[in-house]
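Here is a quick walk through one protein model, from a single strand out to the whole fold. Keep the viewer open as you read.

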Amino acid sequence: MEKVPAVYMMSNKKDGVIYIGVTSDLPRRVAVHKSHEINGFSKRYNTDKLVWYRCYGTMEEAITAEKRLKAWRRAWKIREIEKVNPDWKDLAEEEPDLLL
């Protein structure tokens, strides 16, 4: 399977904790979040719902976008999520084709 650089946001619930990450394999990374197999922020706060993601042409572009997004105010991140996912549904479950 071809690697596709992506920035993504995971959450535990609507208006809940937001985790921002970057990956070249979004389906695998979402599966890691859902399995809670790695200790750290995501496991501690149960951020296992994919609520937003965006794909990029290169990993460098994705890393730059991730850093920019992490610097945003929380309200801006929430607005970005709600533009495409107003109910904070788990996109991995709602639209599994997007992760193929």
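## The strand in the middle

Buried here means under 20% relative accessible area. With that cut-off, 6 of the 6 residues of S1 are buried, so S1 is largely enclosed by the rest of the structure. Bear in mind that this is a predicted model.

In a regular strand the side chains alternate between the two faces of the sheet. S1 can be read that way: Ala6, Tyr8 and Met10 point one way, while Val7, Met9 and Ser11 point the other, and all are buried.

## Partners of S1

S1 pairs with S2 in the antiparallel sense, over 6 bridges. Within this pairing, Ser11 stands opposite Ile18 in S2. The hairpin of S1 and S2 has 6 residues between the strands, and Asp15 takes a positive phi near 60° there.

S1 also pairs with S3, again in the antiparallel sense and over 6 bridges. Here Ala6 of S1 stands opposite Cys55 in S3.

## Two nonpolar cores

In soluble globular proteins, nonpolar side chains tend to be buried together. In this model the largest nonpolar core has 12 residues, among them Val7, Met9, Ile18, Val51, Leu69 and Trp88. S1, S2, S3, H3 and H4 each supply at least two residues of this core, and H3 gives the most, with 3 residues. A second, separate core has 10 residues, including Tyr8, Leu26, Tyr53 and Leu91. Put that next to the strand pattern: Val7 and Met9 belong to the largest core and point one way from S1, while Tyr8 points the other way and belongs to the second core.

What does Trp88 touch, leaving aside its neighbours within four places in sequence? Its contacts include Ile18, Val51, Ile78 and Ile81, as well as Ser11, Lys13, Lys14, Asp15, Gly16 and Glu82. Asp15, the residue with the positive phi in the hairpin, is thus one of the contacts of Trp88.

## The whole fold

Zooming out, the protein has 5 helices and 3 strands, in the order β-β-α-α-β-α-α-α along the sequence. Of the contacts with a separation of 6 or more, 65% are between residues 24 or more positions apart.

As for overall dimensions, a compact globule of 100 residues would have a radius of gyration near 13 Å, and the protein has 13 Å, which agrees. Its C-alpha trace spans about 30 × 30 × 25 Å along the principal axes. Of the 100 residues, 40% count as buried. The accessible surface comes to about 6,100 Å², and 52% of this belongs to carbon and sulfur atoms.

Definitions and conventions:
Residues numbered from 1 in each chain as written. Predicted model: local features only at pLDDT ≥ 70, side-chain atom pairs only at ≥ 80, totals over all residues. Heavy atoms only, no water. Core = buried A, V, L, I, M, F, W, Y, C linked by side-chain atoms within 4.5 Å. Buried < 20%, exposed > 50% of the residue type's maximum accessible area, 1.4 Å probe, protein only. Helix = DSSP H or I, 4+ residues; strand = E, 2+ residues; numbered from the N terminus. Contact = heavy atoms within 4.5 Å. Pairing = 2+ DSSP bridges. Rg over C-alpha atoms; globule rule 2.2 N^0.38 Å. Areas by Shrake-Rupley, 256 points an atom, 1.4 Å probe, with all protein chains shown as cover.
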